[in-house]
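Let's take a walk through this fold together. Keep the viewer open and follow along as we go.

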Amino acid sequence: MGSLRDILDRSELFSGLGPESVARIAACLRPVVFEAGTCVCREGEAGDTMYVIVAGRVSVLSDMGWGQREIDRKEPGEVCGEMALISDEVRSATVRAVERTECLSLGKADFESLLDQDPAMAQSIAKLMTKRLSALVHQTSHELLGAYRALTFAIADLAESRDPETGAHLERTRNYCVLLAERLSHSPRYKDAIPKSFIEGIYRVSPLHDVGKVAVADAVLLKPGRLTPEEFETMKTHTTAGAGAFKKVLQQSDSELFRMAYRICLHHHERWDGLGYPQGLAGEAIPLEARIMALADVYDALLSKRVYKPPMTPETTREEIRKAAGTQFDPYIAGIFLENIAQFEEIHAKFEGD
Ligand SMILES: [Fe+2]
Ligand SMILES: [Fe+2]
């Protein structure tokens, strides 16, 4: 089975302990036997004991939501349940003896008195756990963020395949949004209201502003000419359809990023004067990210060629934005936009395409 020191070295909690600490632990271990089929510990229950397996074999089982599955087997020389010694959380898995299994057990009370007598052991365990915990947090958040980014990109990509607006439009509008949010974050009015997470968020979710168009019939969505009033009413539902999808997402996973996606989908056609849709919100009642998105979206549409219109010149586009400040657009945001117009025109030139 190997020496106790070798066994402890392979455990999550005790690796790297000195010989004196190992001897102290050895003195506290108590023999215990589990007959075949009996539970060493049960998932979801409180636990206060660690086991070193001396002879026999145990199966580690976890409830995956669709039934209990074996996730590991442990043999002589292995340790199980050691986290119960340092955590008040319930057991994360069930351990069952596959055959008659002899163990040595260490209880939480004995472990705590060991720590009192042996500050070097306490320190070593604390260091080890901090290192493991921060590695775990780092890995988990890295994986989650990567999965989230890939997923939002896939959704935008899917929506784009049905939308006559192009990928270049999405790339340009996301860059206008970021630039505008950055400039606003340095402006007197918004310098405390736009954190870095807002700018990162608008970069991630602004390409999803028209995702609800997947719910609009082709006859309306792809119609080359002018829409009839009824068709326009149908077209307007892309705002509520997109928001509806994110509302469902939010019921399962509440995050500020998805809340931002919801607000952008729902409100990017609202107007400062209250004459927009779907809710006819006016002024600052329209969420900030939607006021930014509205300007970025219309600016790009004006400057770009569409099946129903040639592109406007940069001069005419500037004039249109100026005229619409205070009616269609937030006048403060439009002012910051016009102050930085050269950089918006650069973005348009950089991501050429219709
Ligand atoms: Fe839209
Ligand atoms: Fe758009």
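**Strands, cores and a helix pair**

Start at Ser-59, which stands opposite Arg-96 in β7. One thing to keep in mind while you look around: this is a predicted model. The pairing you've just found belongs to β4 (residues 58-63) and β7 (residues 94-97), which are antiparallel and share four bridges.

Now look at the other neighbour of β4. Six bridges tie β4 to β5, again in the antiparallel sense. One of the pairs here is Val-58 with Lys-74, its bridge partner in β5. The hairpin made by β4 and β5 leaves four residues between the strands, and there Gly-65 adopts a positive phi near 100°.

Zoom out a little and the whole sheet appears: four strands in the order β2-β7-β4-β5, open, with antiparallel pairing. At the edges sit β2 (39-41) and β5 (68-74), each with a pairing on one side only. If you ignore direction, neighbouring strands in this sheet are turned by 30° against each other on average. As a general reminder, the strands of a sheet pair through backbone hydrogen bonds, either parallel or antiparallel.

There's another sheet to find. This open one also has four strands, and its order is β1-β8-β3-β6, with antiparallel pairing. Here the edge strands are β1 (30-34) and β6 (79-80), each pairing on one side only. Strand β3 (residues 49-55) runs antiparallel to β6, and two bridges join them. To locate the spot, look for Val-52, which stands opposite Val-79 in β6.

Next, the nonpolar interior. Which residues have the most contacts inside the largest nonpolar core? They are Leu-180, Ala-261, Cys-265, Ile-292 and Leu-295, in a core of 42 residues. The helices α4 (119-160), α5 (167-185), α6 (196-205), α8 (229-252), α9 (256-267), α10 (288-303), α11 (314-324) and α12 (331-339) each give two or more residues to this core. The biggest giver is α10, with eight residues. For a close-up, pick Ala-261: leaving out residues up to four places away in sequence, it touches Val-205, Leu-208 and Phe-246. A second core, separate from this one, has 25 residues, including Tyr-51, Val-58, Leu-85 and Ile-125. Val-58 should ring a bell, as the bridge partner of Lys-74 in β5.

Stay with the helices and turn to α11. Its buried residues are Thr-317, Ile-321 and Ala-324. Why do these line one face of the helix? Looking down the axis of α11, you'd see the buried residues fall within an arc of 70°, so they share one face. The background is simple: an α-helix has 3.6 residues a turn, so residues three or four places apart point the same way. On the face turned away from the buried side, α11 carries the exposed residues Glu-315, Thr-316, Glu-319 and Lys-323. Just after α11, Gly-326 takes a positive phi of about 95°.

What covers the buried residues of α11? The cover includes α10 and α12. Take the α10 side of that. The two helices α10 and α11 pack at an angle of about 145°, and their axes are 9 Å apart. The crossing of α10 past α11 is right-handed. From α10, Tyr-299, Leu-302 and Leu-303 come in, and they meet Pro-314, Thr-317, Glu-320 and Ile-321 of α11. Two of the residues buried in α11, Thr-317 and Ile-321, thus turn up again at this contact.

Finally, hop over to the loops. Between α9 and α10, the loop holds Pro-278. The peptide bond joining Tyr-277 and Pro-278 is cis, with omega about 5°. The loop between α5 and α6 is where you'll find Pro-195. Is Pro-195 buried or exposed? It's exposed, because it has 10 other C-beta atoms within 10 Å, and a residue counts as exposed at 12 or fewer. From Pro-195 to Lys-223 is 28 residues in sequence and 40 Å in space, C-alpha to C-alpha.

Arg-226, in the loop between α7 (218-221) and α8, gets a similar reading: this arginine counts as exposed because it has 8 C-beta neighbours inside 10 Å. Between Arg-226 and Arg-189 there are 39 Å, C-alpha to C-alpha, for a separation of 37 residues in sequence.

Terms used
Residues are numbered from 1 along each chain as its sequence is written. Chains are lettered from A and ligands numbered from 1 in the order in which they are written. This is a predicted model: local features need pLDDT of at least 70, side-chain atom pairs count only at pLDDT 80 or more; totals for chains, interfaces and linings use all residues. Two strands pair if DSSP finds at least two bridges between them. A nonpolar core is a set of buried Ala, Val, Leu, Ile, Met, Phe, Trp, Tyr and Cys residues joined through C-beta atoms within 7 Å. A residue is buried if 20 or more other C-beta atoms lie within 10 Å of its own, exposed if 12 or fewer, and partly exposed in between; C-beta atoms are placed from the backbone. Two residues are in contact if their C-beta atoms, placed from the backbone, lie within 7 Å. The arc is that of the directions from the helix axis to the C-beta atoms. Axes are lines fitted to C-alpha atoms, for helices over the stretch in contact, and angles run from 0 to 180 degrees between N-to-C directions. A crossing is left-handed if the near helix is turned anticlockwise from the far one by less than a right angle, and right-handed if clockwise.
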